[in-house]
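Biologist: I would like to go through this model with you, starting with charged pairs and then moving to strands and helices. Please give the reasoning before each value or name.

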Amino acid sequence: MNNEIASEEAIFVSIRMAILQPLIDLAALTYLHGVRHVVLSPGSRSAALTLAFSRHGGFQIHPVIDERSAGFIAQGMAQQLCKPVVLICTSGSAGYNFAPAVSEAFFQQIPLLILTADRPREWTHQFDGQTIYQSELYGKHVKKFFELPSDYSHPDSIWAINRSANEAVNLAAQVPLGPVHVNVPIREPFYPSEGEVLAPSLSIRLIHQTPVDRLISVSQWNELLDEWDDSKKILIAGGQCAHSALLNETLSKITDELQVPVLADSIANLAGNESFISHHDLILSGNDDADLMPDLLITYGLSFVSKELKTFLRRNPAKNHWHIGNDGVWADPLQSVTRQIAVDPDYFFSQLFEKIDYQLFTENSEPDNDAGYLEKWLVKERLVRRKIQDFLLNQTLLTDLTAIDAVLSQLADGEQLHVGNSMPIRYVNALGKPDLVSVFCNRGTSGIDGSLSTAIGAALTNSCPTTLIIGDVSFLYDRNGLLIKSLPENLKIVVVNNGGGNIFRMIDGPARQPELEEYFETRHLHTARRTAEDAGLIYFSVHQMEDLATQLAAFRSCDNTCLLEIFTDPEENRVIWKQFKQLLA
């Protein structure tokens, strides 16, 4: 017993004498808040942070060489976990390389805790290496910025670091979720001496934040139900959000029992009901859409992919437009919002259905809204589904559209789909597969950077089969994401290689310019083969339509991380896409 006491006293002495004890406590406090994943990029000034988290023993540490890829890998993890993931980098320009992922996480509401090591402020602009202005580095693209004191010995500094760490983790995990930046000035020496024990102190104070649910009062519900009753044509439209079984079930009841059309992009992850409208891209590409104008529009989620939908709703604004979301963001992209209802969509729609259903039951009546409005949407939805099926059956050329359709048709139940920006997400959205419930895309800023790294991060944490569909430029731009020690074996990558930025051929403006290929599409002859080989990926390729089924089957049956590259012609893609979009014109 005496030996045990002596041992504990020795550890306590080491704890008290640790050079950068508050940073050790920072790691321990983060763990106590439930954070388990740390993505870090190598560096010297950040060594104290790296050692504090790696020697803690409770974190899964993911070293990533390239900070830009590291940021998106962390984002992919946090996206799946719905919990903060720690990002660590050294001082100087390293932190700037996190910026694309930080901005995407901010607009997509994904929780990150960014720890940037720094030199003490007095050394800024003094010709000292790896020193830049790191305060407020990400501007308005973080929920809050903290800068820790560079003096770690004063009791007030120890208190301030503990308090700031508690606030930062709580804030990242508070709705709306999002990135929080903590800048950490560190003085030398920052490497522990031999035998120094990195253990948390006994005075760590854990501060929890108790969330408060937002509810709608009885009087507010009465106002909303009055507007509902006064509306004949009611339309519900879902933007980007994670799949919710409760929301899915409730909206199914609303469309089936109340005869209200429910429309959703692919990234709304709403599926399982044949009455959901998923082909609005093509429905609204036609000219005869005046009869689809809503009186009451109810939207939820983040951004919409469909340009046709946004154009239609802006051109035909509803008399009343409710937007449902408790994120505190006053977004009005359709320029028609009349009510911002700051509650969770699960709560809102379940309560809405219960109240209307109860009202109809007590009055022994049928819904007052126009049931024919739903039927008008469904007639066009069924027509589009038949036309798509006939159109694809008659295709003999290997194009982006036919290739992506073939990949989607092979996805299994429970599989997760990640889609790159530019044309891939537009193809997926237009094809409107009604059974996809786990679709992810970086639509916060809609950039092509980071799609590969985000999918890698997701596959590292989601423990389910994960397929990424990505364009060649986006893949080549982000291939440093493959520079990690162990790629997840549940990840399959489909690269659609049309030799450049094919979307510019689809857009009328650049497509008519003589500089199209050189300055917009930036034509290239690169393939993914060497990159796949360098990363240890099993590589498959397809050049002809007749080989697609065989290669796709081999790719799908592969047990390891693998990559399928599908080569298409940009001009054939343009022609087929134009024909496809005119199915109902």
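Modeller: One cut-off first: a residue is buried under 20% relative accessible area, exposed over 50%, and partly exposed in between. The model is predicted.

Biologist: Is Arg-339 buried, partly exposed or exposed?

Modeller: Buried requires a relative accessible area under 20%, and exposed requires over 50%. Arg-339 has a relative accessible area of 23%, so Arg-339 is partly exposed.

Biologist: With which residue does Arg-339 form a salt bridge?

Modeller: The closest N and O atoms of the pair are 3.0 Å apart. The two residues sit in distant parts of the chain, 112 residues apart, with Arg-339 in strand β11 and its partner in helix α7 (residues 218-229). That partner is buried, with a relative accessible area of 17%. The salt bridge of Arg-339 is with Glu-227.

Biologist: How many residues apart in sequence are the parts tied together by Arg-385 and Glu-274?

Modeller: The side chains of Arg-385 and Glu-274 meet in a salt bridge at 2.6 Å, N to O. Arg-385 lies in helix α12 (residues 371-393), whereas Glu-274 lies in the loop between β8 and α9, so the pair ties together parts of the chain whose separation in sequence is 111 residues.

Biologist: Is Glu-274 buried or exposed?

Modeller: The cut-off for exposed is over 50% relative accessible area. Glu-274 has 56% relative accessibility, so Glu-274 counts as exposed.

Biologist: By about how many helical turns are Arg-574 and Glu-571 separated?

Modeller: Arg-574 forms a salt bridge with Glu-571, with the closest N and O atoms 2.7 Å apart. An α-helix has 3.6 residues a turn, so residues three or four places apart point the same way. Arg-574 and Glu-571 are three residues apart in helix α22 (residues 570-581), so their separation is about one helical turn.

Biologist: How many salt bridges does a search of the whole structure find?

Modeller: The pairs Arg-339 with Glu-227 and Arg-385 with Glu-274 are among them. The search covers the whole structure, and the number found is 15.

Biologist: How many residues of strand β6 are buried?

Modeller: On one side of β6, Pro-179, His-181, Asn-183 and Pro-185 are buried. On the other side, Val-180, Val-182 and Val-184 are buried, and both faces are thus covered. The number of buried residues in β6 (residues 179-185) is seven of seven.

Biologist: Which residue of β6 stands opposite Glu-147?

Modeller: Strand β5 (residues 145-147) runs parallel to β6, and three bridges join them. β5, helix α6 (residues 155-172) and β6 also make a right-handed β-α-β unit. Opposite Glu-147 in β6 stands Asn-183.

Biologist: Which residue of β6 is the bridge partner of Leu-112?

Modeller: Seven bridges join strand β4 (residues 112-118) to β6, and the two run parallel. In β6, the bridge partner of Leu-112 is Pro-179.

Biologist: How many of the 15 residues of α4 are buried?

Modeller: Helix α4 (residues 67-81) reaches 21 Å from its first C-alpha to its last. The buried residues include Glu-67, Phe-72, Ile-73 and Met-77. The helix is largely enclosed by the rest of the structure because the number of its residues that are buried is twelve.

Biologist: Which residue has a side-chain oxygen that reaches the backbone nitrogen of Arg-68?

Modeller: This contact is at the start of α4, and the oxygen comes to within 2.8 Å of that nitrogen. The side chain belongs to Asp-66.

Methods
Residues are numbered from 1 along each chain as its sequence is written. This is a predicted model: local features need pLDDT of at least 70, side-chain atom pairs count only at pLDDT 80 or more; totals for chains, interfaces and linings use all residues. Side-chain values use heavy atoms; hydrogens and water are left out. A salt bridge is a side-chain nitrogen of Lys or Arg within 4 Å of a carboxyl oxygen of Asp or Glu. Helices (H or I, at least four residues) and strands (E, at least two) are DSSP runs, numbered from the N terminus. Buried means under 20% relative accessible area, exposed over 50%, partly exposed in between (1.4 Å probe, protein chains only). Two strands pair if DSSP finds at least two bridges between them. A crossover is right-handed if, with the strands pointing away from the viewer, the path from the first strand over the helix to the second runs clockwise. The expected span of a helix is 1.5 Å times one less than its number of residues. A polar contact is a pair of N or O atoms within 3.5 Å; within protein, one must be able to donate a hydrogen and the other to accept it, and residues adjacent in sequence count only if both atoms are side-chain atoms.
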